[in-house]
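Student: Got a minute to walk through this one with me? I'd like to get a feel for it before lunch.

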Amino acid sequence: MVDAARQPLIEIKAFTDVEKVEGFVGNFKVTLREKAKYVRADRCNGCNACSLACPVEVPNYFEMNLSSRKAAYVPMSQSVPLIYTIDMDACIHCYKCVEACGSLQAIDFGMQDKVTEEDIGAIVVATGFSHFDPTPMMEYGYGHFPNVITAMEMERLNNSAGPTRGSLIRPSDNVKPKRLAIINCVGSRDKRYIQSCSNFCCMYAIKNALLLKQAIPDIDISIYYIDIRTPSKGYEEFYDRAREAGIKFVQGRPAEITEDPETHQLFIKSEDITLGRVVEHEYDMVMLNQAAIPQPDQNHMSSVLNVAQSPGGWFMEYHPKLRPMDSPTDGIFFAGACQGPKDIPASVAQGSAAAARASRILHSDTWQIEPTVAVVWPDRCVSGKGQACGICDRACPYGAINYEKGSAAEVVTAKCHGCGACVGECPHDAVTQLHFTDAQVLSQIRTLLAVEPEKKILAFRCQWCSYGGADLAGTSHFEYSANERGLRVMCSARMDADLIFEAFRLGAGAILYSGCHPQDCHYITGQVAGAKRASRLEKMFERMGMSPGRFRTEWISAAEGDKYARVINEMQATLDEIPMEELKSEIERLKPEMEKKLSKLNQIPGVEEALIQVDFIVNEMLGKAVSA
Amino acid sequence: MSQTNPESLAERVKAIPGGEMLMMCFSCGTCTSKCMIQEKLEPNYNPRRLIREAVFNYKEEAFADETTWLCSACDLCYPACPQKIHISGVITVIKQLAVAEGKQTPYQTAKVDEATCVACGLCVSVCPYEAISLVEKKVAFRGLIPVASVDPGKCMACGMCSAACRSTSIRLTEDFNDQQLIEDLWTWLERKTI
């Protein structure tokens, strides 16, 4: 941090909130609110005189409230930049600090928040993580038993700059503990609280145990665990060292901690899995190794930055394996635990990768984006004809469409990510998506359904999840019906109702409408638009009297190859149950209704020509196949 | 996809409602250390071990395990389980399978005196484990009549039915019959000090 502060090209904006992020890659407009510190940064030299003079003491949040600080303070002595702040919630306006500051005249009670707008090329988000509060876990008694502490409290108690100057004492009677227990997985790997594994706590427990063993050689330390996870290079050796040093590892998650109310001694009851027996041990002090959770304001940041969140609340990366440091929004990158719990080596690696990615943007004059962007035909857009519409604007998850009544909608190409939600939603077919134009997708549908359409299962798959799922089903050799015909679009939001109608008009036996699970959507809320449309279509087909199961909606992730195979096989089974004659007559019966819905299809630019060409090619191929 | 033997104990447990979550157990041992029966009654009682026995198809061991027969479904372990497994549900399923294979509980269950049962259905309505039902049965000297019948796979020997029965036709067999309890009561009442 000190190094960063010395670099002339790095500007640290401490105590500053990001209020608004607008624009796009290379051209972000970021609104920053620099909160008033009531101390002038250009005059404060960090001499501590104001803090010494201040008569107000409040709990020190940085020390986990184990000690106090003044109303004029810095969080810690190594703070960068070393500029004091007056805490206005605590200040009693005695102005003793002003006197103490003297001729420096750094303290300015009239200071206001400063809101500025800056031009930013790329953004790296490194907002870190927070800790699970174990208070709701009544069985561990945190908050009731003074000697049950959290990992962060232990961190401060064992820190040479901490409230006890580095000597570990137990809070009830300030005596050095002789027996210490560390409980892992407090809140994590627990479906009642945080379902996921917090990644680094096993190593953190071992590190703390070794540090404490060095500081207090005769201390008896036990680590309670469900599994010890030491997967990285050198980690297992570290675990070996801990066992050599005499740290005991107890497999088994403790069911409860009880306390002797007079001596405040703690008793941990757990099943020792390796012994297969319930054991109860006495300890002077217990450290709860809590789960890592997203920052409390992660949801707010996610909406400010317009980046999606993964199921646990962490920021969602573009691709979990190939682009873990990129956000789905170009020009915004993630470093460290804001994207998921990480230890230091992984955070450093991701941070360096994010910096390299960001510098690539800063050093280029132009920027390449995916070519699958949306385009508006201005003459077809009803907004240009004076009607109020704006459906595309509301559908766009990225705010990439400029809609104003009276002029045709416009797509900001640099902001467009190519999900096709606007294309799928536009009731006038005035928007199209390059590489996935209506003409192109309809041509594919017509080709796939050229022969015996009533036997086919047409599967609309989204590029990121269900297409990957189908791919996995193939590479894993999961067998599924050979009557399935897959069709790739970028997102379930692109699966236009017209495409479904056309496929049924052509006589498709069954149609699968598939995409990501809502939390996995690569286009923030694309799946939501797709899901809404699918449920609308389901109801419509039910009203029309279509056999149930011919139109099916399923959300399949890229990891669910077995689910994809199962869904297709189930659909084949439903199709097999309908007698062929009945199915054919149903298709004929519904044809006029589908045609009614599709009356304007041929007016979409390019569609008619494309379909004539497809029909010609297909007929020619079929003719050859028959003659051969 | 892996081929599983539908005849294995794990698959049979999973197929019955209550046993679906069997495979989610990651053996943390919280249930065992939370259990009152383990603490007060039977030190060898261990739901975690029973689940392992079921997962690895140690059928005879599972059916002979004390855990199978002693669980009272108090559900102290259910809110403590980090995997949200309804453990007493899994144990009940294993017990039902054991009974279906003709295994008998080594502990007592309620017994019906078919000579006096009038099939009023009171015991059926009070049983918290839904272990009692009315069945048509041929009874000596009474012919084909409906009588109460106890499912030993579900009965936990709590004694609710015995207390509710108006004709003392259903009772626990060994230590907790009416006579024994009345004697106990008198002993308590006659004691000078408490």
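**Walking through the model**

Tutor: Sure, and keep in mind that this is a predicted model. Let's begin with a sheet in chain A: it is open, has 5 strands in the order 10-17-11-12-13, and the pairing is parallel.

Student: OK, and which strands stand at the edges of that sheet?

Tutor: Strand 10 (148-150) and strand 13 (248-251) of chain A. Each has a single partner strand, so one side of each has no neighbour in the sheet.

Student: How much are neighbouring strands turned against each other?

Tutor: By 25° on average, ignoring direction.

Student: Back to strand 10 of chain A: how many bridges does it make with strand 17 of chain A?

Tutor: There are 3 bridges between strand 10 and strand 17 (residues 285-290) of chain A, in the parallel sense. To find one on screen, click on Val148(A): its bridge partner in strand 17 of chain A is Val286(A).

Student: And which strands does helix 5 of chain A lie across?

Tutor: Helix 5 (residues 201-215) of chain A lies across strand 11 (179-186), strand 12 (220-225) and strand 17 of chain A. Its angle to strand 11 of chain A is about 170°.

Student: Let's zoom out. How is chain A divided into domains?

Tutor: Domain 1 covers 12-127, domain 2 covers 130-293, domain 3 covers 369-434 and domain 4 covers 436-627. Between the C-alpha centres of domain 2 and domain 4 of chain A there are 54 Å.

Student: What's going on with strand 7 of chain A, buried or not?

Tutor: Strand 7 (residues 114-120) of chain A is hardly covered: of its 7 residues, the count of buried ones is 0. Strand 7 does pair with strand 2 (residues 27-34) of chain A, in the antiparallel sense over 7 bridges. In that pair, Val30(A) stands opposite Glu118(A) of strand 7.

Student: New topic, helix 14 of chain A. What should its 19 residues span?

Tutor: At 1.5 Å a residue, helix 14 (residues 526-544) of chain A should span 27 Å. Its end C-alpha atoms are 27 Å apart, which agrees.

Student: Which of the residues in helix 14 of chain A are buried?

Tutor: Gly526(A), Gln527(A), Ala529(A), Gly530(A), Ala531(A), Arg533(A), Ala534(A) and Phe541(A). What covers them includes helix 9 (391-395), helix 10 (421-425) and helix 13 (497-505) of chain A, along with strand 26 (510-515) and strand 27 (551-555) of chain A.

Student: And what does Gly545(A) do just after helix 14 of chain A?

Tutor: Gly545(A) takes a positive phi, about 90°.

Student: What's the usual sign of phi for most residues other than glycine?

Tutor: Negative, and most peptide bonds are trans. Now for some exceptions. Phi of His477(A) is near 60°, positive in a residue other than glycine. His477(A) sits in the loop between helix 12 (466-475) and strand 25 (484-489) of chain A.

Student: Is that His477(A) buried or exposed?

Tutor: His477(A) is exposed, because there are 9 other C-beta atoms within 10 Å, and 12 or fewer counts as exposed.

Student: What about Ala157(B), buried or exposed?

Tutor: Ala157(B) also has a positive phi, near 55°, and it is in the loop between strand 3 (143-150) and helix 9 (160-164) of chain B. Ala157(B) is buried, because it has 22 other C-beta atoms within 10 Å and 20 or more is the cut-off.

Student: Where's the cis peptide bond at Pro81(A)?

Tutor: From Val80(A) to Pro81(A), with omega near -5°. Pro81(A) is in the loop between strand 5 (72-73) and strand 6 (85-86) of chain A.

Student: So what is chain B made of, in helices and strands?

Tutor: Its secondary structure comes to 10 helices and 4 strands. Chain B has 194 residues, of which 34% are buried. Its C-alpha atoms fill a box of roughly 60 × 55 × 25 Å along the principal axes.

Student: And which domains does chain B have?

Tutor: Domain 1 (9-100) and domain 2 (110-190). The C-alpha centres of these two domains of chain B are separated by 27 Å.

Student: Last one: how many residues does each chain put into the contact?

Tutor: Chain A puts in 18 residues and chain B 17 residues. Strand 15 (residues 266-272) of chain A gives the most to the chain A side, with 3 residues. By class, that side of chain A has 6 nonpolar, 3 polar and 9 charged residues.

Notes. Residues are numbered from 1 along each chain as its sequence is written. Chains are lettered from A and ligands numbered from 1 in the order in which they are written. This is a predicted model: local features need pLDDT of at least 70, side-chain atom pairs count only at pLDDT 80 or more; totals for chains, interfaces and linings use all residues. Domain bounds come from an automatic or database domain assignment. Two strands pair if DSSP finds at least two bridges between them. Helices (H or I, at least four residues) and strands (E, at least two) are DSSP runs, numbered from the N terminus. Axes are lines fitted to C-alpha atoms, for helices over the stretch in contact, and angles run from 0 to 180 degrees between N-to-C directions. Two residues are in contact if their C-beta atoms, placed from the backbone, lie within 7 Å. Ala, Val, Leu, Ile, Met, Phe, Trp, Tyr, Cys and Pro count as nonpolar, Asp, Glu, Lys and Arg as charged, and the others, Gly among them, as polar. The expected span of a helix is 1.5 Å times one less than its number of residues.
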